[in-house]
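Work through the following exercises with the sequence and the model at hand. Each task is followed by a solution in steps.

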Amino acid sequence: MIPSIIAIDGPAASGKTTIALKIADKLEYMFFDTGVMYRAVAFAVLDNGINIEDEEACTKLSETIRIDVLPPSKEDGRTNDVSVDGKDCTWEIRNSAVSQNVSQVSTYLGVREALTKQQRRIGLQGKVIMVGRDIGTVVLPDADLKIYLDASAEERTKRRVLEREARGELVDYNETLRNIIRRDKIDSERKISPLRAADDAIIVDSDNKTIDEVVKEIMNLIYGNK
């Protein structure tokens, strides 16, 4: 039997979303990127004028707002609709201000606890590919298959720049690289659920590989092929 619960972790812009979407389509599984929930909280914190350093206020907000992740309603490149308290913020959660602050919000224990409960409930339903930074280690430690998708900071920066330019944004490569390196440092050094590969995860390096090559590699793992 093929794995019913598949966890894909990895750093920012490692290709998790693109790869997981293609695999979910092939398997007819649900795709769920948990990172959008943390981005939605960061967006709401900034939108409400809350100090990003105020852990108590950020936690309280995460416990009271309603975050909905639904199938895409528009063909504008989005993988899902993301709304906060009924407001569509699908693209707002991808702006530079949110990108610079989402890692800070994700270090707060209360925020992680509030969102982990929702993520675990969805994941345990099965036939799901869940993408994030602590899926295999915290959210779904008993997942049937755990993948850690990695790539160099330079490669990930190129991908993020192309992604944002495709949406018509003006992007500075060096600034984007600095943000990715900064986010890696915060994600990997935080005390709560740090970014790391689970002990039983299979590490897949996507540097110098096409999307189709990475998809094929992971599909072989899913079906137990060598």
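## Exercise 1: Salt bridges

The side chains of Arg159 and Glu155 form a salt bridge, with N and O 3.3 Å apart. A salt bridge here is a side-chain nitrogen of Lys or Arg within 4 Å of a carboxyl oxygen of Asp or Glu. The model is predicted: local features need pLDDT of at least 70 and side-chain atom pairs pLDDT 80 or more, while totals for chains, interfaces and linings use all residues. Residues are numbered from 1 along each chain as its sequence is written, and side-chain values use heavy atoms, with hydrogens and water left out.

Task: place Arg159 and Glu155 in their helix, and state how exposed each of them is.

Solution.
- Step 1. Both residues belong to helix 7 (residues 153-165) and are 4 residues apart, about one turn of the helix. Helices (H or I, at least four residues) and strands (E, at least two) are DSSP runs, numbered from the N terminus.
- Step 2. Relative accessible area is computed with a 1.4 Å probe on protein chains only; under 20% is buried, over 50% is exposed, and partly exposed lies in between.
- Step 3. Arg159 counts as partly exposed because its relative accessibility is 23%. Glu155 is partly exposed as well, at 22%.

Task: describe the salt bridge between Lys185 and Glu189 in the same terms.

Solution.
- Step 1. The side chains of Lys185 and Glu189 meet at 3.0 Å, N to O.
- Step 2. Helix 8 (residues 173-189) holds both residues, 4 residues apart, about one turn of the helix.
- Step 3. Lys185 is partly exposed, at 49% relative accessible area, whereas Glu189 reaches 52% and so counts as exposed.

Task: find which residues are linked with Arg167 in a network of salt bridges.

Solution.
- Step 1. Arg167 forms a salt bridge with Glu163, and their closest N and O atoms are 3.6 Å apart.
- Step 2. Arg167 is partly exposed, at 26%; Glu163 is also partly exposed, at 36%.
- Step 3. The network links Arg160, Glu163, Arg164, Arg167 and Glu169.
- Step 4. In the whole structure, the search finds 20 salt bridges.

## Exercise 2: Cysteines

Task: explain why Cys89 has no disulfide bond to Cys58.

Solution.
- Step 1. A disulfide is a covalent bond between the sulfur atoms of two cysteines. The cut-off is a pair of cysteine sulfur atoms within 2.5 Å.
- Step 2. The closest cysteine sulfur to that of Cys89 is in Cys58, 16 Å away, which is too far for a bond.
- Step 3. A search of the whole structure accordingly gives 0 disulfides.
- Step 4. Cys58 is buried, with a relative accessible area of 0%, and Cys89 is buried at 0% too.

## Exercise 3: The sheet

Task: give the strand order of the open sheet and name its edge strands.

Solution.
- Step 1. The sheet has 5 strands in the order 2-6-1-7-8, with parallel pairing. Two strands pair if DSSP finds at least two bridges between them.
- Step 2. Strand 2 (30-33) and strand 8 (202-205) are the edge strands, each pairing on one side only.
- Step 3. On average, neighbouring strands of the sheet are turned by 20° against each other, direction ignored.
- Step 4. Strand 2 pairs with strand 6 over 4 bridges, in the parallel sense. Phe32 stands opposite Met130 of strand 6.
- Step 5. Helix 5 packs on the sheet and touches strand 1, strand 2 and strand 6; its direction makes about 155° with that of strand 6. Contact means heavy atoms within 4.5 Å; axes are lines fitted to C-alpha atoms, for helices over the stretch in contact, and angles run from 0 to 180 degrees between N-to-C directions.

## Exercise 4: Nonpolar cores

Task: which helix gives the most residues to the largest nonpolar core?

Solution.
- Step 1. A nonpolar core is a set of buried Ala, Val, Leu, Ile, Met, Phe, Trp, Tyr and Cys residues joined through side-chain atoms within 4.5 Å.
- Step 2. The largest core has 34 residues; Val41, Ile65 and Leu140 are among those with the most contacts inside it.
- Step 3. Helix 2 gives the most to this core, with 9 residues.
- Step 4. Another core, of 20 residues, lies apart from it and includes Ile8 and Ile129.
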